[in-house]
Amino acid sequence: LRHDSIQILGGSSGQVLAISVLPNSNLSSGPHPIDSFSIFALATNLRTVVIALSPKPKVIFKRNHNQQAGTQFLPYLAWRPVLPHSHVGSKALDPILAIACDKEIELI
């Protein structure tokens with residue numbers, strides 16, 4: 001068996017402290033294009049990385065955390081999944097990732 005590997009975080013990033021998987025949209029009006037990817041976010045005290053696993057592993061977003069914020073609190077990740085268009089008008093809304101680190105919350 002042959003397995004491809006990808007290094008996502010080096011040892012200098014610290015331990016992975018939070019993982020959050022983007023749930024599928026399960027829209028009654030049909031699938032969302034993002035459903036064809038398996039996407040998840042990893043957070044350490046130093047950075048957050050978003051990875052797509054399909055069709056092959058790829059880092060699609062990286063963000064360093066504010067170094068001055070300190071490490072008093074663990075990072076927290078939460079996805080707002082795709083919202084169907086019936087809730088928001090004529091088109092579905094894309095997912096949003098909330099990243100909380102210390103006293104800051106960032107939406108991407």
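Start by selecting Arg 80: its bridge partner is Ile 96, over in strand S6. Before you wander further, know that this is a predicted model, where local features need pLDDT of at least 70, side-chain atom pairs count only at pLDDT 80 or more, and totals for chains, interfaces and linings use all residues. Residues are numbered from 1 along each chain as its sequence is written, and side-chain values use heavy atoms, with hydrogens and water left out.

**Stop 1: the sheet around Arg 80**

Now select residues 96-101, which make up S6; five bridges tie S6 to S5, and the two run antiparallel. Strands here, like helices, are DSSP runs (E, at least two residues, for strands; H or I, at least four, for helices), numbered from the N terminus. Two strands pair if DSSP finds at least two bridges between them. In general, strands of a sheet pair through backbone hydrogen bonds, either parallel or antiparallel.

Add S7 and you have an open sheet of three strands, ordered S5-S6-S7, with antiparallel pairing. Its edge strands are S5 (76-80) and S7 (104-107), each pairing on one side only. On average, neighbouring strands of this sheet are turned by 15° against each other, direction ignored. For that angle, axes are lines fitted to C-alpha atoms, for helices over the stretch in contact, and angles run from 0 to 180 degrees between N-to-C directions.

**Stop 2: zoom out**

Show the whole chain as a cartoon. You should find one helix and seven strands, in the sequence pattern β-β-β-β-β-α-β-β. Of the 108 residues, 30% are buried. Buried means under 20% relative accessible area, exposed means over 50%, and partly exposed is in between (1.4 Å probe, protein chains only).

Switch on the surface: the chain exposes about 7,400 Å², with carbon and sulfur atoms supplying 54% of it. Accessible areas come from the Shrake-Rupley method with a 1.4 Å probe, and for residues only the protein chains shown count as cover.

**Stop 3: strand S1 and its two faces**

Select residues 18-21, strand S1, where Val 21 sits. Ala 18 and Ser 20 make up the covered face of S1, while Ile 19 and Val 21 are on the uncovered one.

Which residues does Ser 20 touch, leaving aside its neighbours within four places in sequence? They are Phe 40, Ala 41, Leu 77, Ala 78 and Trp 79, where contact means heavy atoms within 4.5 Å. Ser 20 counts as buried because its relative accessibility is 10%.

Val 21 has 58% relative accessibility, so it counts as exposed. Together with Val 16 and Ile 19, Val 21 makes a nonpolar surface patch of about 280 Å². Patches are made of residues with over 30% relative accessible area and no salt bridge; like charges are joined within 9 Å, nonpolar side chains (Val, Leu, Ile, Met, Phe, Trp, Tyr) within 5 Å.

**Stop 4: follow the strands from S1 to S4**

From Val 21, look across to Phe 40, which stands opposite in S2. S2 covers residues 39-43 and pairs with S1 in the antiparallel sense over four bridges.

Next, a hairpin takes you from S2 to S3 through three residues. These two strands are antiparallel as well, with five bridges, and Ala 43 stands opposite Thr 48 in S3. Is S3 (residues 47-52) mostly covered or uncovered? Mostly covered: five of its six residues are buried.

S3 and S4 form another hairpin, this one with five residues between them. They pair antiparallel over six bridges, and Val 50 stands opposite Phe 61 in S4.

Pause at Lys 56, in the loop between S3 and S4. Its relative accessibility is 63%, so Lys 56 counts as exposed. Try a distance to Phe 37: the C-alpha atoms of the two are 9.4 Å apart, with 19 residues of separation in sequence.

**Last stop: the salt bridge**

Select Glu 106 and Arg 63, which form a salt bridge whose closest N and O atoms are 3.3 Å apart. The pair links distant parts of the chain, with Glu 106 in S7 and Arg 63 in S4 (residues 58-64), 43 residues apart. A salt bridge is a side-chain nitrogen of Lys or Arg within 4 Å of a carboxyl oxygen of Asp or Glu, and by this rule the count comes to one.

Glu 106 has 27% relative accessibility and so counts as partly exposed. Arg 63, at 34%, counts as partly exposed too.
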